[in-house]
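Please open the structure in your viewer and keep the selection tool at hand. The tour proceeds in short stops, each with something to select.

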Amino acid sequence: MGSKGTFQMPVQELAGAHGTANVPAQYIARAHEDQQLAAAVVAPAPVIDLVRLSKHGDGTSDEAAKLRKNLGHPHHTGSHLWGLLMVSNHGVDAVMDNMMAASREFFRQPLEEKQRYANLNGGERFQFEGYGNDWVSSLDQIRDWTDRLYLKVEPEDERSIALWPVHPETFRNALHEYTKKCGEVKDDLLRAMAKLLELDDDDYFVEHFGDKPLTDVRCSYYPVCPRPELVFGLKPHCDATVVTVLLVDDRVGGLQVLKDGVWWDVPIVPHTLLVIIGDQTEIMSNGIFKSPVHRVLTNTKKERLSVAVDYYVDPEREIKPSAQLVNEKRPALYSKVKVKDYFARSYNAFTEGKMVIDTVKI
Ligand SMILES: O=C(O)CCC(=O)C(=O)O
Ligand SMILES: [Fe+2]
């Protein structure tokens, strides 16, 4: 991005330094925002066995039925669906543990070590990749109680390898192996989703990524926070991805999803991967699959980590609703958009707390 930024104290340092009842005003979510903290209920989202889904994903198996229930299908659409999946039997077990452990260790290091990978080039030019916080574009931007290590993973020849931590020593390899495995999970799921939509080609989504799809990873660290009732770990948003594959801390929750006007706690099911449907799938499926609004809460007792792998269509390509899902009864609900342009809008929308998908709705 290369925009001018200003150095912000990592939240991890703020949390350590304050250790009191106070948080800086920039982190306090607007007072009118109804955070509905007390009443959250655990989302009863079923776990899907990926091997069974891939083998018997013809629409008749139990796993396909669960997928339908979570995501919807051409004859059953609407906002009352989860838009996320918990996936087991994904074959990623060993590498997911390594990835989480390497990420945990990275954030445990002293600030000077982490700042070798800072996202403020020369101390002030902001770039997306690297360690740090979001770009602050306006004084009234509400900040999130999180620090992040953000890296491009694909195209492989565009990796900024100098920003891939050398400590812990396991980090680079863990990230490479983990994302390779996650890519297979993503493709298997997208094939099952194409089947569910009754598209002619099971590879519809997989092929849509194009020659140079973009994959990035965000390792997020959420320190303990003295005022969880006022401060978000991550404010409500939708992911601008095709799908996001999320590895959440199995020691502490915090992720919530909005459904039917209610915030639900996403349960922790150890060794599952959480897959969140992103805006690009919502657009390509002509709104049959929905990209859910989700957020992360903070807590006073335990730090939390997550590792998100974001899958995007090649930024030079355009996306639009699949012609097979557009008909008289269901006209196109989204206009065609170049992925690159969608990104630009998406970052602005996120910092303003708006939903970027609204900008392409017809
Ligand atoms: O930390 C989490 O559990 C969710 C993170 C998330 O929603 C994101 O990074 O887009
Ligand atoms: Fe997200």
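Begin at Gly132, which stands opposite Arg148 in strand 8. Select both residues and display them together.

Next, widen the selection to the two strands. Strand 7 covers residues 130-132, and its pairing with strand 8 is antiparallel, over 3 bridges.

Now select residues 147-154, which form strand 8. Is this strand largely enclosed by the rest of the structure, or largely open? Of its 8 residues, 6 are buried, so strand 8 is largely enclosed. Here, a residue is called buried when its relative accessible area is under 20%.

Keep strand 8 visible and add residues 214-222, which make up strand 9. Strands 8 and 9 also pair in the antiparallel sense, here over 7 bridges. To examine one position of this pairing, select Lys152 and Asp216: Lys152 belongs to the pairing as the residue opposite Asp216 in strand 9.

For the following stop, select residues 213-313. UniProt lists this span as "domain: Fe2OG dioxygenase", in an unreviewed entry. What share of the span is helix, and what share is strand? The span is 6% helix and 48% strand. The C-alpha atoms at its two ends lie 5 Å apart.

Finally, colour the chain by confidence, as this is a predicted model. The average pLDDT of the chain is 88, and 89% of the residues score at least 70. Select strand 1 (residues 3-4), where confidence is lowest, at a mean of 48. Then select strand 16 (residues 304-312), where confidence is highest, at 98. The model as a whole scores ipTM 0.99 and pTM 0.92.

Notes
Residues are numbered from 1 along each chain as its sequence is written. Chains are lettered from A and ligands numbered from 1 in the order in which they are written. This is a predicted model: local features need pLDDT of at least 70, side-chain atom pairs count only at pLDDT 80 or more; totals for chains, interfaces and linings use all residues. Side-chain values use heavy atoms; hydrogens and water are left out. Buried means under 20% relative accessible area, exposed over 50%, partly exposed in between (1.4 Å probe, protein chains only). Helices (H or I, at least four residues) and strands (E, at least two) are DSSP runs, numbered from the N terminus. Two strands pair if DSSP finds at least two bridges between them. UniProt positions are given in the numbering used here, feature names are shortened, and annotations may be inferred rather than shown by experiment. pLDDT is the predictor's confidence in each residue, from 0 to 100.
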